[in-house]
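Reader: I would like to learn how to read a helical protein model. Please take me through it feature by feature.

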Amino acid sequence: MKKILEKWRDPERRKYFYTYFAGKVIGLAALYVFYNIVKSHFGIDSVWADDSTMPMGAAAAAAAPAAAAATAAAAAVPAYVNPINTVWVLVTAFLVFFMQAGFMMLEGGFARSRETVNVMLEGIIDTCLCGVLFYAWGFAWMFGSGSGFIGNQYYFLHNIPDTYGSTGVPTLAIFLFQFAFADCTSTITSGAMVGRTGFVGDLLYSVVVSGLIYPLLGHWTWGPDGWLNNIHPAAFHDFAGSTVVHTIGGMIALAGAVVLGPRIGRKFKRDGGGPMPGHDMTIAALGTIILWFGWYGFNPGSTLSAMDTMGIARIATNTTLAAVCGGISAMFYVYPRSKVWDCGMTCNGLLAGLVAITCPCYWVSPFGAICIGLIAGVVVVWGVDLLEYLRIDDPVGAWPVHGLCGVWGTWSLGLFATGAYGAPTPTGADNSAGSVVTGLFYGGGLNQLKAQIIGNAAIGGGALILGFILMYAVKMTGTLRVSAKGEMEGLDIHEHGGAAYPELTTGS
């Protein structure tokens, strides 16, 4: 025992142990994933096997209830593909995918010139990794049936139905739409880690975010049997992802920024400094507007139905009003303190309004959207102030915009839902009494607000915990942060061998 304790006091031995232990855990997890993929792909028996993989006796015993379930499922799924809804989903998927250009421009503009190539390549490779991982098992875990916590169908898009559920939209179109959503989450994470993350470390955490954390937590509410869909007396709702996309991405981003530590030379306000200026507000502002444009796919597209014409129009209008009010409130809230009209904060206020309206966009009125956006523009400034006070370096404001305003947007549904709207369907809107969502300010009491807080806390808290575990695990590999020399040289030269602006003779 004495010898073990002596070895434990050696920092190098402890580091070796942590790395060795983390490798074992990752290896076991990979084996488990591989087993389930093979099991699903080739129909190997398991505790989750369906009737077709049961022994003949067990299948016969279960024949009657299985036949009844099959009949009910057949009745619920249209026997046709709805062409209008399919085109709608695909076009909005393309809009959401184009948001990657906006993210890359926004983050690149807020970064320093010496790390611009790094930001661009991260955006490209994160998208590539996410596509492969979401195809292999991410879609299966998130949108397949299984348990309340994880799905267990459609690995490698194997044995997918022609149409997904009762949507009348091909499952492949749904996959493409949801892949674009998944891609946004990993990109949000990278924003808080700009300027000092090693490229190998970025690859490692991106794999886990896109391939594990996002589909696992997303299944809890967007999966067909997610447990948050069944909480009582009111189910949790997140129409387009204030929690599922933005809170998850923002919380993992916060964990990454904390574990990484600030950039060299970063001096915070309480120490007499302030945020480092981005190198190009032109592309940052253009990136913001591209993101806004993409949001018209993000929110209206989440109806999965072009037939709900009034719902689509309401969502698009609410999205617009929340965005403009977020930008206005952030700009005017900051001006008395700085005595300047701050373009960067106005951009983040606009994005804060978009993030906040993403959850409640279907169920609130235009007036509610205005209130939600105005509050979001102030909340994002408070979030930036808090990070400054805590000495957490988030170069683009990923946590204030996506994490904190994702929380506000999710909770706002429990306040501003009008009680007039239910849910979109393949043929229109279902606004029957049993399907409408009503918030506190419209006579609905506290039930919906409680559900929103529970769901947001479960998914956001899970993302934060898993984010810290992930970032510390990557840190133990020695790849999370570049060396001080590499950071001072600039990631573009150090990691990628070339500058974004080679004609410049001086660094920024």
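Author: We go from the whole chain to single helices, then to a helix pair and a loop residue.

Author: This is a predicted model, in which local features need pLDDT of at least 70 and side-chain atom pairs count only at pLDDT 80 or more, while totals for chains, interfaces and linings use all residues. Residues are numbered from 1 along each chain as its sequence is written, and side-chain values use heavy atoms, leaving out hydrogens and water.

Reader: How many helices and strands are there in the protein?

Author: Helices (H or I, at least four residues) and strands (E, at least two) are DSSP runs, numbered from the N terminus. The protein has 17 helices and two strands.

Reader: What percentage of the residues in the protein is buried?

Author: Buried means under 20% relative accessible area, exposed over 50%, and partly exposed in between (1.4 Å probe, protein chains only). Of the 508 residues, 52% are buried.

Reader: Why is α9 called largely enclosed by the rest of the structure?

Author: Because 18 of its 19 residues are buried. After α9 comes G261, with a positive phi near 85 degrees.

Reader: Which residues of α10 are buried?

Author: An α-helix has 3.6 residues a turn, so residues three or four places apart point the same way. In α10 the buried residues include I283, G287, I290, L291 and G294. Their cover includes α5 (83-110), α7 (171-191), α9, α11 and α12.

Reader: What span should α10 have?

Author: The expected span is 1.5 Å times one less than the number of residues. For the 18 residues of α10 that gives 26 Å, and the end C-alpha atoms are 25 Å apart, which agrees.

Reader: At what angle do α11 and α12 pack?

Author: Axes are lines fitted to C-alpha atoms, for helices over the stretch in contact, and angles run from 0 to 180 degrees between N-to-C directions. Helix α11 (residues 309-338) and helix α12 (residues 343-358) pack at about 145 degrees, with axes 7 Å apart.

Reader: Which residues meet there?

Author: Contact means heavy atoms within 4.5 Å. Among them, A322, G326 and A330 in α11 meet residues of α12 including G349, L350 and G353.

Reader: Where is G278?

Author: G278 sits in the loop between α9 (242-260) and α10 (281-298). G278 is partly exposed, at 26% relative accessible area. Setting aside neighbours within four places in sequence, G278 contacts G109, F110 and A111. E107 is 171 residues from G278 in sequence, yet 8.9 Å away in space, C-alpha to C-alpha.
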